[in-house]
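Got your viewer open? Let's take a walk through this protein, one selection at a time.

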Amino acid sequence: MPSEGALQVYHLGHSLVGRDMPAMLAQLSGHGWNSQLGWGASLNQHLQGEVPGFAEENTSPAFRPAGEAIDSADYPVVVLTEMVDLGDAIRYHDSAAVFQAWVTRIRAARPDARIYLYETWHDRALSAQLAGGWSGRIRADLPALWEGVLLRATLQEGAGPVRLIPGGQVMLAFEAAAARGEIPGYGSAADLFSDQIHFNDSGAYLMALTHYAVIRGRSPEGLPFALNRADGSPAKAPEAAAALAMQRLVWQVVTSLPLTGVSAGPG
């Protein structure tokens, strides 16, 4: 069911969340938000209070300490993401157990909270050296790790549903669509990045659309595309035709994956 009305959203993660993407999402959705970020931070580091880049990444007025925010029950929507490489997070940061601990804490404070796991992606250059490359790793990690470890562990513990925000899968779909010439002005997903992994304004917009489609449960087609960054400065906007293509692509991906909890229907 589409989500109506005002929301408060909390984001816990790292630079693949960033400041600008949640700010764009809030402009699209009309909600308030807060966050806690770090440099490549794992959920375990957030839980332990040992977050790399904590001082640098949380100078924004949107910052609110994670424990305080979760325990306040102020947020009907909480979006969590794990560090990448996710395999390393599972192996060295006890990711499955820690993800479950965050979910349990959120539910204890607010049983009706809607919890989302934001799936991300790998460094393009580093992935090129490995079997399957960038696209292959993202494609394989969804069933094996994001779903097969994190979401499965949570369901087994009976903590209630956690829905997927399929950022990595949207990136894959964008890569393929751009290569086919279907996204005017873009040749590949590399055009969404400022380096080999961090998104630029276009990538932030695409991820904001993805969050919107899942959290609001409705098509992002027709949403604005001239938005501001978190500091209030104008983001570099895609052309209207490209924005429309992005919006339609996001909805196709989101409604094709049962893990999102969103089905196609009237937008």
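Start with the largest nonpolar core, a set of 59 residues. Select Tyr118, Trp121, Phe174, Ile183, Leu206 and Met207, which have the most contacts inside this core. Keep in mind that you're looking at a predicted model. Several elements give two or more residues to this core: helices H1 (20-29), H8 (133-156), H9 (167-179), H10 and H11, plus strands S3 and S4. H10 gives the most, with 10 residues. As a rule, nonpolar side chains in soluble globular proteins tend to be buried together.

Now zoom in on Ile183. Which residues does Ile183 touch, leaving out those up to four places away in sequence? You should find Phe174, Ala177, Ala178, Ala242, Ala245 and Leu249. Apart from the largest core lies another core, of 27 residues, and Tyr10, Ala66, Tyr75 and Ile106 are among them.

Next, select strand S3, residues 77-80. Are its residues buried or exposed? Val77 and Val79 on one side are buried, and so are Val78 and Leu80 on the other, so both faces are covered. Add strand S1 (residues 8-12), which pairs with S3 in the parallel sense over 4 bridges. Val9 has Val77 as its bridge partner in S3. Then add strand S4 (residues 114-119), which runs parallel to S3 and is joined to it by 4 bridges. Here Val77 has Arg114 as its bridge partner in S4.

Helix H6, residues 95-109, is your next stop. Try checking its length: at 1.5 Å a residue, its 15 residues should span 21 Å, and the end C-alpha atoms are indeed 21 Å apart. Color its buried residues, including Phe99, Trp102, Val103 and Ile106.

Keep Trp102 on screen and pick His46, because the two touch. His46 sits in helix H2 (residues 43-48). Its relative accessibility is 5%, so His46 counts as buried. Look for the polar contact of 2.9 Å between the side chains of His46 and Gln36. His46 also touches Leu12, Gly13 and Val51, among others.

Last stop: Phe225, in the loop between H10 (201-216) and H11 (240-256). With 31% relative accessibility, Phe225 counts as partly exposed. Show what Phe225 touches beyond its neighbors in sequence, including Tyr205, Pro238 and Ala243. Finally, select Leu28 as well: Phe225 and Leu28 are 197 residues apart in sequence, yet their C-alpha atoms are 8.8 Å apart in space.

How values were computed
Residues numbered from 1 in each chain as written. Predicted model: local features only at pLDDT ≥ 70, side-chain atom pairs only at ≥ 80, totals over all residues. Heavy atoms only, no water. Buried < 20%, exposed > 50% of the residue type's maximum accessible area, 1.4 Å probe, protein only. Pairing = 2+ DSSP bridges. Polar contact = N/O pair within 3.5 Å; in protein donor to acceptor, adjacent residues only side chain to side chain. Contact = heavy atoms within 4.5 Å. Expected span 1.5 Å × (residues − 1). Core = buried A, V, L, I, M, F, W, Y, C linked by side-chain atoms within 4.5 Å.
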